[in-house]
Amino acid sequence: MSMNRIVLIMLIVFVLEGALMPWIIPNSYGDRIIPHFTFVMVIFASMYGGRHQALALGMGFGLLQDIMYYGHVMGTHFFFMGLIGYLSGILLERKKATIMLAISTIGFATIGYDSALYFVNKVFKLTTGSYPWALIQYILPSLFLQLVFSLCIYIPVRKMFELGKQRRSSDSAEEL
């Protein structure tokens with residue numbers, strides 16, 4: 001699939017996570033569950049599209065999140081979404097990504113992403129809670145939401161990226 005279509009799909013996911021999810025999440029969990037669906041798509045891009053594609057998507061949509069939602073410290077989502085996407089792409093570039101590897105990678109990457117954001121906010125004194133409190137209050141409930149989302153979209157996203165790889169390989173074979 002072309003990069004334009006991937007960006008369009010990620011824009012739709014970005015709008016859904018910002019506009020639809022606050023309506024779906026119950027009010028009692030509204031401040032505890034933070035959807036990072038675009039980050040899940042960046043990790044899928046690192047597994048099936050490559051580390052450079054994940055870096056570009058992570059930095060682009062991280063900056064968009066910084067601008068739209070989190071104006072306190074600009075650049076944290078930009079940096080960490082791109083960096084974690086790139087690092088997971090390096091770790092998984094030679095491995096065949098099965099569903100268990102994909103879910104565990106998304107889980108560890110989400111914990112790392114939320115933890116890094118917590119520590120940056122702690123440095124700038126934007127949060128006052130301890131790390132164990134943050135882990136229980138919003139990192140683990142958000143992790144559960146990201147894992148459910150990744151399970152729901154695993155097969156369509158995998159096919160989307162594999163179709164793009166097949167088209168690129170057939171185009172390069174035709175050029176020879």
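**Exercise 1. Describe the aromatic pairs that join Phe-14 to Tyr-69 and Phe-37 to Phe-149.**

A search of the whole structure finds 12 aromatic pairs, where rings of Phe, Tyr and Trp (its six-membered ring) pair if their centres lie within 6.5 Å, and planes under 30 degrees apart count as stacked, over 60 as edge-to-face and the rest as tilted. This is a predicted model, in which local features need pLDDT of at least 70 and side-chain atom pairs count only at pLDDT 80 or more, while totals for chains, interfaces and linings use all residues. Residues are numbered from 1 along each chain as its sequence is written, and side-chain values use heavy atoms, with hydrogens and water left out.

Step 1. A pair of aromatic rings is described by the distance of the centres and the angle of the planes. For Phe-14 and Tyr-69 the centres are 5.6 Å apart and the planes make 45 degrees, so the pair is tilted.

Step 2. Phe-14 belongs to helix H1 (residues 3-24), whereas Tyr-69 sits in the loop between helix H3 (51-68) and H4, and the pair thus links distant parts of the chain, 55 residues apart. Helices here are DSSP runs (H or I, at least four residues), numbered from the N terminus.

Step 3. Phe-14 is buried, with a relative accessible area of 6%, while Tyr-69 is partly exposed at 38%; buried means under 20% relative accessible area, exposed over 50%, and partly exposed in between (1.4 Å probe, protein chains only). Phe-14, Phe-61 and Tyr-69 form one aromatic cluster.

Step 4. Phe-37 and Phe-149 form a stacked pair, at 4.0 Å centre to centre with 20 degrees between the planes. Because Phe-37 lies in helix H2 and Phe-149 in helix H6 (residues 131-175), this pair ties together parts that are 112 residues apart in sequence. Both Phe-37 and Phe-149 are buried.

**Exercise 2. Work out how helix H2 packs against helix H4, and place Thr-38 in H2.**

Step 1. Helix H2 (residues 37-48) and helix H4 (residues 76-92) pack at an angle of about 30 degrees, their axes being 8 Å apart. Axes are lines fitted to C-alpha atoms, for helices over the stretch in contact, and angles run from 0 to 180 degrees between N-to-C directions.

Step 2. H2 is therefore roughly parallel to H4, given that angles under 35 degrees count as roughly parallel, over 145 as roughly antiparallel, 65 to 115 as roughly perpendicular and the rest as oblique.

Step 3. Among the residues that meet across this contact (heavy atoms within 4.5 Å) are Thr-38, Phe-39 and Val-42 in H2 and Met-81, Ile-84 and Gly-85 in H4.

Step 4. Thr-38 lies in helix H2 and is buried, with a relative accessible area of 0%. Not counting residues up to four places away in sequence, Thr-38 touches Met-10, Val-13, Phe-14, Glu-17, Phe-61, Gln-65 and Met-81.

**Exercise 3. Determine how H3 and H4 are oriented, and which residues make their contact.**

Step 1. H3 and H4 pack at an angle of about 160 degrees, with 7 Å between their axes, and are therefore roughly antiparallel to each other.

Step 2. Residues that make the contact include Phe-61 and Gln-65 of H3, together with Met-81 and Gly-85 of H4.

Technical notes. Helices (H or I, at least four residues) and strands (E, at least two) are DSSP runs, numbered from the N terminus.
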